[in-house]
Amino acid sequence: MTGSAALVTVLVVPLAGAVAALLAGRRGAVAAGLLTSALGVPAALALAGAVLAGGMQRVAVGGWAVPLGIELRADGLAAAMLLMTAVIGAGIAVYAWRYFGAAGHHDPHDLAAGPPGPAGKAAPASTQWLFWPVWLLAWGALNALYLSGDLFNLYVTLELLGLAAVALVALAGAGAAAAALRYLLLALLGSMLYILGVELLYAAHQTMDLLQLRERLQPGLSVWLAAALMTTGLLVKTAIFPLHFWLPPAHGSAPAPVSAALSALVVKAGFYLLARLWLDLFGALPGAGVVPALLGALGACAVLWGGVQALRQTRLKAMIAYSTVAQLGYLMIALLLASGAGGAAAGAAGGAMHAAVLLAASHAAAKASMFMCAGSLLAAYGHDRIDAMAGFGTQLPITATAFALAALSLVGLPPTGGFVGKFALVEAAVRAGAWWAVAVVLAGSLLAAAFLFHALSRAFADAPADKTSAEVPAAPQLAALALALVAVALAAAGEPLRRLLTVGAAT
């Protein structure tokens with residue numbers, strides 16, 4: 001498969017799958033979703049291989065060149081994010097297959113048929129199948145976002161992704177209505193701020209293509225106002241502290257496969273766009289280092305605040321949701337170091353971006369696995385109260401193993417991808433002389449160890465406080481274990497990822 005063919009395939013497969021799942025209805029939606037997942041991984045692998053072998057891949061949609069037409073582009077960063085999305089998405093699809101049942105109705109092996117959780121009752125059986133077309137639409141929007149080469153199409157894909165994410169949260173039923181509405185309002189606010197910034201840039205430069213804008217960009221009030229609006233909008237969408245208040249309720253109240261998709265993949269879109277803006281577009285402006293410095297400071301606050309809040313939670317899904325706030329903080333710190341702000345050496349900047357992508361991928365795999373484990377425990381016990389799950393390691397050994405491996409990666413212990421990512425981040429911080437970042441990473445890791453190992457300790461309690469009230473099939477537990485193993489195996493992806501990220505990197 002040629003690079004251009006792989007690029008188009010990566011974009012078309014999930015969007016075609018969404019249409020097929022919608023047309024197939026309750027009986028065929030699962031098959032469409034699983035087939036799409038099976039095709040998505042090799043397509044993303046083929047594109048990553050083409051980028052490594054031949055450099056940035058481009059496709060002019062309809063044969064029209066920029067600025068009249070739309071150009072799709074895949075460099076090393078986009079290829080890495082696409083591959084991460086495909087692998088994690090495949091694991092989520094396998095889990096959702098058993099979670100929602102094979103035909104969208106309750107049966108003895110349907111995890112969603114278990115007792116209600118803290119968000120209220122489970123999604124109605126008549127609407128469970130809608131997960132598949134909406135999730136595949138979100139996947140397609142993510143892929144289109146990573147491949148878009150101009151600011152307006154980035155806005156369109158960001159809007160599609162946000163609306164699909166809100167719809168996924170709403171699948172939990174009436175109990176998640178407030179969280180879904182809050183998510184919708186904040187998503188619309190973020191989109192409005194972003195598009196206002198795009199309009200200012202277009203009025204000043206008559207193009208929205210990223211490469212052309214980078215060549216034409218001149219410092220001025222309109223450019224700085226555009227940068228401020230777009231950055232603020234993306235901070236809202238990414239749930240960076242202190243704009244994170246919508247994330248724990250949305251992620252905590254959604255069905256387990258939805259929580260996994262939101263936490264692992266959807267929030268990474270905002271980080272990707274912030275990286276594009278401040279590494280590729282606005283980074284050359286005089287004084288541009290102030291914004292990455294602010295993002296780094298917010299990231300440090302997010303690591304500490306998110307860790308403390310996670311430590312205070314008594315419910316498992318809420319704890320995992322707050323840990324997402326903390327983990328996103330590491331990405332903001334890495335973005336600061338990757339920008340070269342504060343006189344960071346080139347080696348430190350390149351190492352920080354490598355650390356950011358590796359941490360993003362490790363977090364995606366581990367957090368998806370952890371939310372899947374929470375879903376299995378919720379189905380088994382009928383609740384997710386941490387202190388009332390004593391002895392779950394004996395009753396659900398596969399789930400306990402998956403949770404333990406995911407926790408090791410999130411804390412950053414060897415031999416996991418999280419360890420390699422945090423080591424690379426600390427190394428970049430030391431090279432840049434950012435000792436405060438080293439202290440934040442160490443403090444965040446200690447907080448993560450405290451709240452994650454507290455939850456994990458329940459698995460090894462002598463006697464269960466609550467007996468399981470439902471049997472959990474092996475398939476969803478194995479899906480969680482597979483993603484936890486991916487988080488561990490990413491420790492070996494350091495060098496290939498480093499070579500991939502050099503393709504098309506801004507200089």
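**Exercise 1. Is C373 buried or exposed, and what is its relative accessible area?**

*Solution.* The model examined here is a predicted one. Step one is to take the value for the residue: C373 has a relative accessible area of 1%. Step two is to apply the cut-off, since buried means under 20% relative accessible area. C373 is therefore buried. A second cysteine, C301, has a relative accessible area of 37%, and C301 is thus partly exposed.

**Exercise 2. State how many disulfides are counted.**

*Solution.* A disulfide is a covalent bond between the sulfur atoms of two cysteines. The criterion applied here is a pair of cysteine sulfur atoms within 2.5 Å. By this rule, the count is zero disulfides.

**Exercise 3. Describe the protein chain as a whole in terms of its helices, strands and burial.**

*Solution.* Begin with the secondary structure: the protein chain contains 19 helices and two strands. Next, consider burial: the chain has 507 residues, of which 60% count as buried. Then turn to the contacts with a separation of 6 or more: residues 24 or more positions apart account for 80% of them. Finally, the accessible surface amounts to about 17600 Å², and 70% of this surface belongs to carbon and sulfur atoms.

**Exercise 4. Classify the ring pair Y155 and Y194, and locate its two members.**

*Solution.* The structure holds nine aromatic pairs. A pair of aromatic rings is described by the distance of the centres and the angle of the planes. For Y155 and Y194, the ring centres are 6.5 Å apart and the planes stand at 10°, so the pair is stacked. Y155 belongs to helix α4 (residues 151–170) and Y194 to helix α5 (residues 177–205), so the pair ties together parts that are 39 residues apart in sequence. Both Y155 and Y194 are buried. Ring pairs also bring in F152, which forms a cluster with Y155 and Y194.

**Exercise 5. Classify the ring pair F419 and F423, and determine the exposure of each residue.**

*Solution.* The ring centres of F419 and F423 lie 6.1 Å apart and their planes are at 35°, so this pair is tilted. F419 and F423 are four residues apart in helix α16 (residues 417–432), and are therefore separated by about one helical turn. With 30% relative accessibility, F419 is partly exposed; F423, at 51%, counts as exposed.

**Exercise 6. Assess the span and the burial of helix α3.**

*Solution.* Helix α3 covers residues 131–147, which makes 17 residues. From its first C-alpha to its last, α3 reaches 24 Å, close to the 24 Å expected at 1.5 Å a residue. As to burial, 16 of the 17 residues of α3 are buried, and the helix is mostly covered.

**Exercise 7. Identify the backbone features of the loop between α7 and α8.**

*Solution.* This loop, between α7 (221–238) and α8 (247–253), contains P242. The peptide bond from F241 to P242 is cis, with omega near 5°. A239 is found in the loop between α7 and α8 as well. Although A239 is not a glycine, its phi is positive, at about 65°. A239 has 1% relative accessibility and so counts as buried.

**Exercise 8. Locate Q206 and give its phi and exposure.**

*Solution.* Q206 lies in the loop between α5 and α6 (210–216). Its phi is near 60°, a positive value in a residue other than glycine. The relative accessible area of Q206 is 51%, so Q206 is exposed.

Definitions and conventions:
Residues are numbered from 1 along each chain as its sequence is written. This is a predicted model: local features need pLDDT of at least 70, side-chain atom pairs count only at pLDDT 80 or more; totals for chains, interfaces and linings use all residues. Side-chain values use heavy atoms; hydrogens and water are left out. Buried means under 20% relative accessible area, exposed over 50%, partly exposed in between (1.4 Å probe, protein chains only). Rings of Phe, Tyr and Trp (its six-membered ring) pair if their centres lie within 6.5 Å; planes under 30 degrees apart count as stacked, over 60 as edge-to-face and the rest as tilted. Contact means heavy atoms within 4.5 Å. Accessible areas come from the Shrake-Rupley method with a 1.4 Å probe; for residues, only the protein chains shown count as cover. The expected span of a helix is 1.5 Å times one less than its number of residues.
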